[in-house]
Structures are given as C-alpha cells and as structure tokens.
Protein chains: 2
Amino acid sequence: MTYCVGLCLNHGMVFMSDTRTNAGVDNISTFKKMSTWDIPGERSITIMSAGNLATTQAVISILEERSKEVADRDPDILSAKSMFQVATLVGRTLKEVIAANAQAGQRADSAFNATLLVGGQVGDGEMRLFLIYPEGNFIEAGADTPFFQIGETKYGRPIILRAYEPDMSFEEAIKLLLVSFDSTIKANLSVSPPLDVHVYRKDSLKTGRTFRINADDPYFQTISNGWGVALREAFTRLPDFSFDDH
Amino acid sequence: MTYCVGLCLNHGMVFMSDTRTNAGVDNISTFKKMSTWDIPGERSITIMSAGNLATTQAVISILEERSKEVADRDPDILSAKSMFQVATLVGRTLKEVIAANAQAGQRADSAFNATLLVGGQVGDGEMRLFLIYPEGNFIEAGADTPFFQIGETKYGRPIILRAYEPDMSFEEAIKLLLVSFDSTIKANLSVSPPLDVHVYRKDSLKTGRTFRINADDPYFQTISNGWGVALREAFTRLPDFSFDDH
C-alpha cells in the first residue's frame, strides 16, 4: 500500500509520502512516490501516487517526457494554463495508462488502478489541490476539506481531523503529518519510512524545501516516541468511566 | 459497517459494539450487534457480529433457538464443554448460514459474509476470546494480541495499540474503548452510537454489567470533547519540526 497526504494551509501546502511498495507481504521495496516540477517564477506542481506502481511510474514518466520535449509540449503540465488544466491532463494520462494495461488482458482491471494527488500553483492563479481517480475525473480540496489522503488513509485520519488548523506554521504542519504517518506506520506493515516531504510556500511559484525523513531521523524518533507518551498521558488525564452513572 | 472490540484484561473482558447498520449510505438503522448467554455459576458467552445483518441475525437466532430446546441441546453453546467447542460450534453455524444463502444464487457470496467475536468462560476453563471468519475457522487472542476488532477497525486501532495495558481497570478499559469508538465515529458515517457494553469479571461465570451508552451520555460527551482537547494539547506540547536540521 502507500500513504500520502496533501495539506493546504493559508500560506502554502505541505506534501508528504511514504516510500514502501509491496506485492503481497514479501516483495517489499522502496520507491519515491512524490514528483515535483517547476518553472521558477511561473509554476510549481507536485504529484503523489498510490496504487499500482507500474501504472503510477508510467504516468509520471509520460508527464516527465512530455514536459522535456519542448516541441511536443502541447499539452503538457509545464504549459497548461491553470492547475485545473494540469489536473485534467494528469487525469487523462492516468486513465489512458490504466486502459492500455487493462486491454492487454487481465480479468480485473482494478489491479492496474492508481489514485493521484496533484497540487500546486500556476501563474497568478490560486494554490489548488486535486485528488484524481483511476477514471481520470477528480475532486478539489477547499475550505471545508482542506486536505486529501490517498492509500492507507484510515489510521492517520483522526489526528488530522482533530489538530489541523489552516493557519498552522509549516513546522506545525510537518509535525502533524509525522504524527499521522507514525500512527499509520505503527499499525500497518505496508506503509514505511523514509518519508518524502515538499513544502510549497504560497505565491513562491517554485519548488520549495524538499527533503527525506528517514526512520532514524532524530526528530521523527522524538515525535514517534513522544506521541506515544503524550497519548498515554492525555488518556490518563481523562476521567475514568464510572459504573455508578450507568 | 460496524465496529466491535473485545478486550482481554487480567481480571476480565470488556466487549463494546456500535449499533449502526447500513445498506449503502441511505438505509441506516439501529440494531444490537452484541448477544450474551449465561448459566450462572457455569458459563458466560458473548458474541458480537460484523457483516451482513441477515447472516448475523440468522446465526444468533439459530444459536438462541438451539440453546432453548433442552431436548435439542446437543450440540449447543450452553452445553458445549469448553470455549473452544463454543467457538467451533459458532463457526460451523456461521459457515452453514453463509453457504445456505449463497446457494440460493448470488454471484458473489462475499455479500453474505460476516465475522464474529466470541468471548467468555466455561466451567473451570480460562477466559478465551475468538475471532471467527466467514469460513468458520477462527483465531484466538493471547498475551501478544490481547484484543480483537471487527468491522471498521482502522481509525480506532492506534490508540488501543498505544494505551492498552493488561492490568487496566474496567473503568480505564471502557474509557479506552470509548476513545477508540469516538475516533471511529468521527471519521466514518457507518459507525454510530448507541454503544453496547458488556463487562465480564473473570471467574464470575455469569453475564456481568451490560448497558448502553447513548450519543448524549454525559460521560461519552466528556470523553469525546475531552479527547479532542487532550489530543490537541498533547500535539502542541510535542516540539515543532525545525528546518535547520533537515
């Protein structure tokens, strides 16, 4: 499986993805699931992927190749005029790759399925974040739903629902995502560090800080251990149930 | 969906189940998913169910009818000589009900599937907790895995993994389960109060305290609100991420 989150903040976006891929439980590998493109001063685009690795790598490679061939740039994600056009293009590419694989003859084409998060900013447009389905259509994050998760989403969802604030600093947002990822990693073998991070600052129109957090990263260790302790303390401070009232 | 947890403690067991059933998102109802049987001084048995409601109600009705017909009591869960035999009997009944429904002709028999938790104590045997699969086979909780969840298990799993202690009091265990249920309820429409609870005291060999916790229960409200506040406080106290180290 996989776990990726894209988080919209008032002053930017934070993207985080794990790197574990597995076929069953015994064929596990490390692959980057986050790709970034930019034309400094003009656009920044981040894509994260969950699902069939052959599908997602093909989609990224196609997008990558198209963006390099200047003559062949129309349509590509570096020339699309808006984030909506970028999402449309990525969705179409995803749908085509899945269809091409399914054609070759597997009973269930769900095996080729993948889901993508596409976020960024183009020109004087707003920052936008899309979740793209295998069918190529997509939904957009907004004030009511300011983040998207793909992959193994459930374990790490409650803490984001409770602690997210749109005006969090990048530092707080990364902490929040690390708590969410740590809960997922502790409960599910198919999600694992290293974790890739991209922090996009609103209106910067270029790829921001990108870095990788390894399992032995001291801060990640602090969060992982500290969160367990903090949870137990928080739990202890809540009043115990009383049979007298029930 | 559904969410049920059976928790083994040193001095007893705590069972908790929600009551929401749904077919799609618009046909939602309230059904009890927990059943208890006892012969005071001799045995106590609790069954919780997740999955197709027609299947689980049929299983419970068959077990119930058999246990009432004294002449027909062999084999039934009130005469089985051990919890292992109880689990075997329940598993066989579940498998038969699923097979009988599937025979009638639906393409995917998975639609009739259900999973059960069976816990309790018989005679001078130990307390035991089993998770029974639709195939009728089962696994047993032990010191390494002292609790089972069925249904919508993921949202509420991290807190149990972090805060469970085998020597918790019943009051602490109920608090833990309410936190786990609250996280699930907040994230998933298919799980909802009222919540049914059964607290079995080790070696009591009779049904213990059973009660229902409604959405407006003051203690449940305290936990639900208090946990949100406590989580945010715990989160705030963790050190923020620093870009300087990455």
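Hi everyone, this is a short walk through a predicted model with two chains, A and B.

Let's begin with how the two copies sit relative to each other. Turn one by 180°, with a shift of 0.0 Å along the axis, and chain B can be laid on chain A with an RMSD of 0.0 Å. The two copies are therefore related as by a two-fold rotation axis. If you want to find that axis from chain B, look for B:Tyr155: its C-alpha is the one in chain B nearest the axis, at 2.3 Å. And which surface do the copies use? The same surface serves both, as 100% of the contact residues of chain B recur in chain A.

Now please turn to helix 5 of chain B, which covers residues 218-237. With 20 residues at 1.5 Å a residue, this helix should span 28 Å, and its end C-alpha atoms are 28 Å apart, so the two agree. At the N-terminal end, B:Asp217 acts as a cap, with a side-chain oxygen 2.9 Å from the backbone nitrogen of B:Tyr219. B:Tyr219 is also one of the buried residues of helix 5. Others buried there include B:Phe220, B:Ile223, B:Trp227, B:Leu231 and B:Ala234. As a reminder, an α-helix has 3.6 residues a turn, so residues three or four places apart point the same way.

My last stop is over in chain A, at A:Ser67 in helix 1, which runs over residues 53-68. Is this serine buried or exposed? Its relative accessible area is 5%, under the 20% cut-off, so A:Ser67 counts as buried. Its side chain reaches the backbone oxygen of A:Glu64 at 2.8 Å.

Thanks for listening!

Terms used: Residues numbered from 1 in each chain as written. Chains lettered and ligands numbered in written order. Predicted model: local features only at pLDDT ≥ 70, side-chain atom pairs only at ≥ 80, totals over all residues. Heavy atoms only, no water. Helix = DSSP H or I, 4+ residues; strand = E, 2+ residues; numbered from the N terminus. Buried < 20%, exposed > 50% of the residue type's maximum accessible area, 1.4 Å probe, protein only. Polar contact = N/O pair within 3.5 Å; in protein donor to acceptor, adjacent residues only side chain to side chain. Least-squares fit on C-alpha atoms with pLDDT ≥ 70 in both. Contact = heavy atoms within 4.5 Å. Expected span 1.5 Å × (residues − 1).
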